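Please look through the sequence and the structure shown here before reading on, and keep both at hand while following the text.

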Amino acid sequence: MSTLTMLYDPSCGLCRRVQGWLAEQPKLVEIKMIPIKTEAARQRYPKLNHELTADDLTVVSDEGAVYFGPKAWLMVLWALCRYRDWAYRLATPRLLPTTRRVVSMISEHRYQISRAAGLAR
Amino acid sequence: MTIGIATYLLYLAISIALTVWVARTLHKSGRIFLVDVFHGNEPLADSVNHLLVVGFYLVNLGYVSLALKLGYEIASPKESIEALSVKVGTVLLVLGGMHFFNLFIFSRMRHRATMRNAPPPVYPDAFTPVQEV
């Protein structure tokens, strides 16, 4: 695997902030970012359910493996030099349920969080 | 030769011999580790190994040299042995500390190298065809 494509929500301030942070991180696997539900996303993944990508973060590898929600977050961490350790730690059976809960909660309330943190447009 | 000079010479001989022994152990056993870290790139592993051992020698011999001075006169063989045991004891502790520090470096390098090629932490949820544009 040499590239991960991240389908992110450009209308969410938190996502834009995270995207900016990601761009600066040293990476073990290249991360390409495409805004969700755009022509570029539909062209690249014609068979993907693009309505679902609005619900939670979606990451697709260059081989076409789709990671959705908490798994997508873990894959993004895994791609970063400094956080690969953390990806494995958070993916262990003991921590995975907590990881899922926290990540789903953040994704679900991303607009509220963005507003509260003053990141909304 | 006074007993004081003899003590110093004995101290140097023991300390240098110990340093050489530990450095050689490190050099011999560390190599396998480094070859693994650098994915079988033996020239690179040998080079890094050599550099580490040189650093090891410099730090240890530097310490041995700095710690030579006793600061008091030695009158009897008993005092000589006591002084030697204190000096050699501290040299051994410094050597031990340096040795573990080197092991720590080795294991961290190895950990990083294995991380670099580690598989994804989770299985994909689905597969989708990719249309390269």
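The paragraphs below go through the fold of chain A, its core, the sheet, the contact between the chains and, at the end, a helix of chain B.

The model is a predicted one, and chain A is a convenient place to begin. Chain A holds six helices and four strands, and read from the N terminus its elements follow the order β-α-β-α-β-β-α-α-α-α. Of the 121 residues in chain A, 33% are buried. Among contacts in chain A with a separation of 6 or more, 63% are between residues 24 or more positions apart.

The strands are best taken up in the order in which the chain reaches them. β1(A) pairs with β2(A), residues 30-35, in the parallel sense over six bridges, and within this pairing A:T5 stands opposite A:K32 of β2(A). To get from β1(A) to β2(A) the chain passes through α1(A), and the resulting β-α-β crossover is right-handed.

The other two strands of chain A are arranged in the antiparallel sense, with three bridges joining β3(A) to β4(A). A:V59 stands opposite A:Y67 of β4(A), while the bridge partner of A:T58 in β4(A) is A:F68. These two strands make a hairpin with three residues between them, and in this hairpin A:G64 takes a positive phi near 95°. Both faces of β4(A) are covered, since A:A65 and A:Y67 on one side and A:V66 and A:F68 on the other are all buried.

Several of these residues return when one turns to the interior. The largest nonpolar core has 29 residues, and those that touch the most other members are A:V59, A:Y67, A:A72, A:L74, A:M75 and A:V76. Two or more residues of this core come from each of β1 (3-8), α1 (13-24), β3 (58-61), β4, α3 and α4 of chain A, and α3(A) gives the most, with eight residues. The surroundings of A:V59 illustrate how these elements meet: leaving aside neighbours within four places in sequence, A:V59 is in contact with A:L4, A:T5, A:M6, A:Y67, A:A72, A:M75 and A:V76. A second core, separate from this one, has six residues and includes B:V22, B:A23, B:V91 and B:L95.

How do the strands come together in one sheet? Five strands form an open sheet of mixed pairing, in the order β2(A)-β1(A)-β3(A)-β4(A)-β1(B). The strands at the edges are β2 of chain A and β1 of chain B, and because each has a single partner strand, one side of each is left without a neighbour in the sheet.

The strand from chain B leads directly to the contact between the chains. β4(A) and β1(B), the latter made of residues 126-127, run antiparallel and are joined by two bridges, with B:A126 of β1(B) as the bridge partner of A:V66. B:F127 also lies in strand β1 of chain B, and, not counting residues up to four places away in sequence, B:F127 touches A:G64, A:A65 and A:V66. Is B:F127 buried, exposed or partly exposed? With 13 other C-beta atoms within 10 Å, B:F127 is partly exposed, because a residue counts as buried at 20 or more such atoms and as exposed at 12 or fewer.

Taken as a whole, the contact between the chains involves 23 residues of chain A and 15 residues of chain B. On the side of chain A that touches chain B, at least two residues are supplied by each of α2 (39-44), β4 (65-68), α3 (70-79) and α4 (84-90) of chain A. The residues on that side of chain A divide into 15 nonpolar, two polar and six charged.

Chain B also offers a helix whose length can be checked. Helix α2 of chain B, residues 42-66, has 25 residues, and at 1.5 Å a residue α2(B) should span 36 Å; the C-alpha atoms at its ends are 36 Å apart, which agrees with that expectation. The buried residues of α2(B) are B:A45, B:N49, B:F56, B:N60 and B:V64, and these pack against α1 (3-37) and α3 (77-116) of chain B. An α-helix has 3.6 residues a turn, so residues three or four places apart point the same way.

Key:
Residues are numbered from 1 along each chain as its sequence is written. Chains are lettered from A and ligands numbered from 1 in the order in which they are written. This is a predicted model: local features need pLDDT of at least 70, side-chain atom pairs count only at pLDDT 80 or more; totals for chains, interfaces and linings use all residues. The expected span of a helix is 1.5 Å times one less than its number of residues. Two residues are in contact if their C-beta atoms, placed from the backbone, lie within 7 Å. Ala, Val, Leu, Ile, Met, Phe, Trp, Tyr, Cys and Pro count as nonpolar, Asp, Glu, Lys and Arg as charged, and the others, Gly among them, as polar. Two strands pair if DSSP finds at least two bridges between them. A nonpolar core is a set of buried Ala, Val, Leu, Ile, Met, Phe, Trp, Tyr and Cys residues joined through C-beta atoms within 7 Å. A crossover is right-handed if, with the strands pointing away from the viewer, the path from the first strand over the helix to the second runs clockwise.
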